[in-house]
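Q: I am new to reading protein structures. Could you take me through this one, feature by feature?
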Amino acid sequence: MHLTIATPDDMAALGALLAQQLRAGDLVTLNGELGAGKTTLTRGLGEALGVRGAVTSPTFVLARTHPREGGAPLVHVDAYRLSTAAELDDLDIDFARSIVVVEWGAGLLDGITDEWLSLDIVRPTGALVVDALGASPAMGGDDAGDEVIEPRTITVTAHGDRWKDLGWIGAASN
Ligand SMILES: Nc1ncnc2c1ncn2[C@@H]1O[C@H](COP(=O)(O)OP(=O)(O)OP(=O)(O)O)[C@@H](O)[C@H]1O
Ligand SMILES: [Mg+2]
């Protein structure tokens with residue numbers, strides 16, 4: 001299934017929509033180049049779950065756990081520096097009791113699970129936006145005035161039986 005997401009707010013809203021369906025044991029991978037919108041989606045997801053602490057890029061840690069009242073915590077993983085399933089496994093994430101979102105998770109799930117939801121985010125132009133100071137928004141530039149808002153296309157692929165009865169997500173089951 002393909003979605004078109006026009007703005008960062010819409011990306012966060014998609015995360016919130018997804019959050020309504022998630023429970024302990026669920027695993028979502030977000031793929032797409034630097035600045036695709038993976039963290040923006042996760043922020044909306046975390047806010048909708050009501051997690052403690054702001055969801056930001058876990059730049060200096062590989063995984064950050066966000067507890068929440070009366071529900072499974074959100075574990076937000078940045079797998080950019082990981083190259084094998086074994087390295088992801090080494091993080092000792094309590095997958096069964098958490099909702100886990102992995103940025104850059106493609107190809108890292110072999111042997112970890114056969115049931116996950118994968119969102120592949122594409123920027124149509126493909127180019128990083130570089131401002132006059134040489135800092136792109138994706139690389140941590142914080143000058144919102146330079147931010148270019150442009151649509152993303154997302155391919156949703158559901159792996160395993162978990163998702164098949166879940167409305168719009170189920171439509172992505174293969
Ligand atoms: N349609 C859109 N959807 C999502 N983000 C958008 C969109 N248009 C512009 N943006 C901007 O693109 C940037 C996406 O940054 P974000 O940190 O979410 O990307 P990321 O995929 O997590 O990058 P990284 O790989 O560096 O972790 C934000 O600055 C956001 O405002
Ligand atoms: Mg990110």
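Q: Which polar side-chain atom lies 2.7 Å from an oxygen atom of ligand 1?

A: The general idea first: a polar contact is a pair of N or O atoms within 3.5 Å; within protein, one must be able to donate a hydrogen and the other to accept it, and residues adjacent in sequence count only if both atoms are side-chain atoms. Here the atom belongs to Lys38. Thr39 adds a backbone N or O atom, 2.8 Å from an oxygen atom of ligand 1. In Arg152, a side-chain N or O atom lies 3.1 Å from an oxygen atom of ligand 1.

Q: How much of the accessible area of ligand 1 does the protein cover?

A: On its own, ligand 1 has 650 Å² of accessible area, and the protein covers 89% of that. Such areas come from the Shrake-Rupley method with a 1.4 Å probe; for residues, only the protein chains shown count as cover.

Q: What should I know about the model and its numbering?

A: This is a predicted model: local features need pLDDT of at least 70, side-chain atom pairs count only at pLDDT 80 or more, and totals for chains, interfaces and linings use all residues. Residues are numbered from 1 along each chain as its sequence is written, chains are lettered from A and ligands numbered from 1 in the order in which they are written, and side-chain values use heavy atoms, with hydrogens and water left out.

Q: Which residues come nearest to ligand 1?

A: A residue is near a molecule or strand if one of its heavy atoms lies within 4 Å of it. There are 22 residues around ligand 1, and Lys38, Thr39, Thr40, Glu147 and Glu150 come nearest. The shell holds 11 nonpolar, five polar and six charged residues. For these classes, Ala, Val, Leu, Ile, Met, Phe, Trp, Tyr, Cys and Pro count as nonpolar, Asp, Glu, Lys and Arg as charged, and the others, Gly among them, as polar. Helix α2 gives the largest share of the shell, three residues.

Q: What are the protein donors of the magnesium ion?

A: Donors are N, O and S atoms within 2.8 Å of the metal (3.2 Å for Na, K and Ca); water is not among the atoms, so sites may look incomplete. For the magnesium ion (ligand 2), the protein donors are Thr39 (OG1) and Glu103 (OE), 2.1 to 2.3 Å from it. The pair links distant parts of the chain: Thr39 is in helix α2 (residues 38-49) and Glu103 in strand β5 (residues 99-103), 64 residues apart.

Q: Is Thr39 buried or exposed?

A: Buried means under 20% relative accessible area, exposed over 50%, partly exposed in between (1.4 Å probe, protein chains only). Thr39 counts as buried because its relative accessible area is 17%. Glu103 is buried too, at 4%. Of the 174 residues in the protein, 41% are buried.

Q: How many helices and strands are there?

A: Helices (H or I, at least four residues) and strands (E, at least two) are DSSP runs, numbered from the N terminus. The protein has four helices and seven strands. Along the sequence they read β-α-β-α-β-β-α-β-β-β-α.

Q: How many residues are in the largest nonpolar core?

A: In soluble globular proteins, nonpolar side chains tend to be buried together. A nonpolar core is a set of buried Ala, Val, Leu, Ile, Met, Phe, Trp, Tyr and Cys residues joined through side-chain atoms within 4.5 Å. The largest one here has 27 residues, and Leu18, Leu45, Leu117 and Leu119 have the most contacts inside it. α1 supplies the largest share, four residues. Leu119 sits in strand β6 and is buried, at 1% relative accessible area. Its C-alpha is 9.8 Å from that of Met1, although the two are 118 residues apart in sequence.

Q: Which residue in the loop between α3 and β5 has a positive phi of about 55°?

A: Most residues other than glycine have a negative phi. Asp92 has the positive value although it is not a glycine. Asp92 is exposed, at 67% relative accessibility. Trp104, in the loop between β5 and β6, also has a positive phi, about 60°. Trp104 is partly exposed, at 25%.
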